[in-house]
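Welcome! Take a moment to look over the sequence and the 3D view, and then read on for a short guided tour.

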Amino acid sequence: MAVGVLPGLLRAATVRLGFPVNRTNPEFSPRRLDLWVVRTMRTYQKQTGKVFSSHDFRKAAFTRTAEKDLHPKRVASGSG
């Protein structure tokens, strides 16, 4: 996915979550992406009461890799 696409997708996701977007900056920033992910994870935890961590992303990726019978090293290198 092109980095230029991220601000629009993040804005749409932020609207769906009910957060204000009137001051959203259209320029991509890794720090703001990180803050957005943390806020989204925190919101999920408050709504569901379930613990959710960034490790869950890695766990899900390895699960999907195993389901498709792909070697994790090939997937990690982007060649799988």
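## A first look at the fold

The secondary structure of this chain consists of four helices and zero strands. Read from the N terminus, its elements follow the order α-α-α-α. Please keep in mind that this is a predicted model. The chain holds 80 residues, and buried residues make up 14% of them. Among the contacts with a separation of 6 or more, 11% join residues 24 or more positions apart.

## How confident is the prediction?

Averaged over the chain, pLDDT is 77, and 86% of the residues score at least 70. Confidence varies along the chain: helix 2 has the highest mean, at 86, while helix 4 has the lowest, at 72. As a word of caution for any model of this kind, predicted coordinates should not be read in detail where pLDDT is low.

## The largest pocket

Now let us turn to the open space in the model. The largest pocket encloses about 370 Å³. It is lined by 18 residues, and those closest to its centre are T14, T24, R32, W36 and R39. Which helices each supply at least two residues of this lining? They are helix 1, spanning 6-17, and helix 2, spanning 30-48. Helix 2 gives the largest share, with five residues.

The table shows how the lining of the largest pocket divides by residue class.

| Class of lining residue | Number of residues |
|---|---|
| Nonpolar | eight residues |
| Polar | five residues |
| Charged | five residues |

## Helix 3 and the residue D69

Further along the chain comes helix 3, which covers residues 55-67 and has 13 residues. From its first C-alpha to its last, helix 3 reaches 18 Å, close to the 18 Å expected at 1.5 Å a residue. A general point helps when viewing any α-helix: there are 3.6 residues a turn, so residues three or four places apart point the same way.

Helix 3 is followed by D69, a residue with a positive phi. What is the value of phi at D69? Phi is near 55° there, a positive value in a residue other than glycine. Where does D69 lie? D69 is found in the loop between helix 3 and helix 4, the latter running over 72-76. Is D69 buried or exposed? D69 counts as exposed because its relative accessibility is 70%, and the cut-off for exposed is over 50%.

Notes:
Residues numbered from 1 in each chain as written. Predicted model: local features only at pLDDT ≥ 70, side-chain atom pairs only at ≥ 80, totals over all residues. Heavy atoms only, no water. 1 Å grid on protein atoms, 1.4 Å probe; cavity = no way out; pocket = protein on both sides within 12 Å on 5 of 7 lines; lining within 4 Å. Points joined across faces, edges and corners; volume = space filled by probe spheres on them. Nonpolar A, V, L, I, M, F, W, Y, C, P; charged D, E, K, R; others polar. Expected span 1.5 Å × (residues − 1). Buried < 20%, exposed > 50% of the residue type's maximum accessible area, 1.4 Å probe, protein only. pLDDT = per-residue confidence, 0-100. Contact = heavy atoms within 4.5 Å.
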